[in-house]
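This report goes through one protein model part by part. Keep the sequence and the 3D view open while reading.

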Amino acid sequence: MTFAGAPAALESASVYSGTQLILVRTDGGTFPGGDAWKCLTCGTPAANRRGMTDDTSYPQPFADGRRVLYGTNVVDCGPYRLASPACTPARIHIYPIRWNTSADGSGPGTPVRELRLHPDQVHLGFNSVSVTGGRLDQYGYFGRLRFDPAPKTGEPLVPRYELEKVTRLFDASPGAQPVHVDPRDPSKLVFDPSLPGVGEFRGFSKDGREAFYVGYPVESSNIDLMAVDLRTGRVRRMTADPGYADPVDASPDDRWIVALDTRAYDRMTFVSGMTGIPAITDLLSTSVVSSVRNNGQRRFFQPYLIDRYGDRGAYRGQQLNYANASADWNAGADPRWSPDGTAVVYHERLVSAPSCGGANPLPCPVSAEPGGRRTRLMIARLVECKPVHRRPVEPVSDVVPWGTAYVPGTTAPQRPYPPQGTYTLRGKASGSALVDILWDDARTAVRTVSVRYTQYSDDGGSFLDGSESVTRTSTSPTLTTLDWYSDLVKTGRSGKVLATKKTGVGGFHPTIDLWQTVFRAIGSLTTTVGSRTYTQPADGT
């Protein structure tokens, strides 16, 4: 957090300047100074934070009560518990975390993001972004954390934590991809979303057995949370609503999750509301679709309590803040369960310019919070939940059998895609789809994916007909522009129309910068489900 009224860090030696880490009491009590909070890092000597990185996101306490994972750093108070009066900023040390990716151990290592502490307290999950062959990609990783008080190689040469015995949570062989050519018949395409492949790693189950992640869609354009067993590779779907979800935390007994999801706004339904479409055009569209969830810095998230078995039938969990939710206040990553399972903490941000006002149809709301602040920390108390006791998790194996052991000095692989050609995709129940995949002239990337469905059905109760085609027209690794054409109809056994997904005259042409996530589009894409029609959002809505 930042202190209101603190001088800018470059203008003052104030201990309150800049981003700080605070400890907050949740029981109504106070610390010895009389405040309900205690600043852990205000005034930490420069000598105690040598090599500290700028990434201080997603603070997570270690079970020993003495350390906090602080972005790509570890805050450590030595023998003292963080809540103890003996733990003062002068006794705090902040150590950087380094992932060595050079064969000889030299250099600063490769940047990592979205770190999450494993329940065994000795492993971490993280993500790393790379550009390979002109394509931007991200992989999830699993590694062991080791403290080195006096490193001899690499940068910075200060006491630091090393990420070792790292595994990429991905198998780059063609047959391990959710969309691949049938090895028994090269004229057929296989769609198998049960194959493990972590796109963006998001956390762990509390028993340490599963990794949570956002991966390849199970249904076209529907970006969901998935869980994969670190030992067996077994995948289960955690969410299935047409909304987008990625921030998540599991309850101490793993019976529940709290996920931050856009489902309260129907923002994604224009593109993801028609269920039962196999994720084939998603070979090109996933990055654009996932970015629709935001409008710049605005997140359209609200916290949802969902049981272990996930969305199913009419069950869609429950919105934790339903009684006092405001469309202008949106939740931010990550939600966190209390250790006894009786409360959930999350933070909210009030929509602010440039995501409102100006050219946006949404005027910027005035904050009613003290001091007019536009962020706030929330706690949801689950009054009917009895406290649970979480057992310590023994250190798990460094080996993830279905992943790929990382070797320093090697580069991230390119994701394999089916070769250029025409394929048949059979429905699990009946019907088929004719799939055309066209690569660019240099044969470095897929350019167009077109699908024509004929009574295609995976469930035997609904049938898909029509066509859909997506072409990527941009060449920048981060700026994506698509030419999208849809004319799909889903019917039931009686022939009744259940849903349609159609583009307007001239198609639908979205453009999104993956780092800015501001949605822009020419043309229209409309999905109708039953009697409800969903159209693409305008900026700010």
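## A four-stranded sheet

In this predicted model, 4 strands make up an open sheet, in the order 17-18-21-22 and with antiparallel pairing. The edges are taken by strand 17 (245-250) and strand 22 (318-319). Each of these two has a single partner strand, so one side of each is left without a neighbour in the sheet. Strands of a sheet pair through backbone hydrogen bonds, and the pairing may be parallel or antiparallel.

How many bridges join strand 21 to strand 22? There are 2, and the two strands run antiparallel. Strand 21 covers residues 302-307. One residue pair can be looked up directly: Tyr304 has Gln319, in strand 22, as its bridge partner.

## Asn321, in the loop after strand 22

Asn321 sits in the loop between strand 22 and strand 23 (329-337). Is Asn321 buried or exposed? Its relative accessibility is 3%, and buried means under 20%, so Asn321 counts as buried.

Once its neighbours within four places in sequence are left aside, Asn321 is in contact with Gln302, Pro303, Tyr346 and Glu348. Of these, Gln302 and Pro303 carry numbers within the range 302-307 of strand 21. Ala176 is 145 residues from Asn321 along the chain, and the C-alpha atoms of Asn321 and Ala176 are separated by 40 Å.

## The disulfides

A disulfide is a covalent bond that links the sulfur atoms of two cysteines. The structure holds 3 of them. With the bonded cysteines numbered in sequence order, the pairing reads 1-2, 3-4, 5-6.

Cys39 and Cys42 form one disulfide, with their sulfur atoms 2.0 Å apart. The torsion about this S-S bond is about 85°, so the disulfide of Cys39 and Cys42 is right-handed. Cys39 has a relative accessible area of 10% and is buried. Cys42, at 8% relative accessibility, also counts as buried.

## Two further links

Cys77 is joined to Cys87 by a disulfide, S to S 2.2 Å. This pair links distant parts of the chain, its cysteines being 10 residues apart. Both Cys77 and Cys87 lie in the loop between strand 5 (73-76) and strand 6 (93-99). The link of Cys77 and Cys87 is right-handed, with 125° about the S-S bond. Cys77 and Cys87 are both buried.

Another disulfide joins Cys356 to Cys364, and here the S to S distance is 2.0 Å. The link of Cys356 and Cys364 has 100° about its S-S bond and is right-handed. Which side of the cut-off does each cysteine fall on? Cys356 has a relative accessible area of 2%, so it is buried. Cys364 is at 33% relative accessibility and therefore counts as partly exposed. A further cysteine, Cys385, is partly exposed as well, with a relative accessible area of 35%.

## A nonpolar patch on the surface

Which residues form the nonpolar patch on the surface? They are Val15, Tyr16, Val24, Trp37 and Leu377. Together these residues have about 450 Å² of accessible area.

One of them, Val24, lies in strand 1, which covers residues 22-24. Val24 has a relative accessible area of 38%, so it is partly exposed.

Methods:
Residues are numbered from 1 along each chain as its sequence is written. This is a predicted model: local features need pLDDT of at least 70, side-chain atom pairs count only at pLDDT 80 or more; totals for chains, interfaces and linings use all residues. Side-chain values use heavy atoms; hydrogens and water are left out. A disulfide is a pair of cysteine sulfur atoms within 2.5 Å. Buried means under 20% relative accessible area, exposed over 50%, partly exposed in between (1.4 Å probe, protein chains only). Two strands pair if DSSP finds at least two bridges between them. Patches are made of residues with over 30% relative accessible area and no salt bridge: like charges are joined within 9 Å, nonpolar side chains (Val, Leu, Ile, Met, Phe, Trp, Tyr) within 5 Å. Accessible areas come from the Shrake-Rupley method with a 1.4 Å probe; for residues, only the protein chains shown count as cover. A salt bridge is a side-chain nitrogen of Lys or Arg within 4 Å of a carboxyl oxygen of Asp or Glu. Contact means heavy atoms within 4.5 Å.
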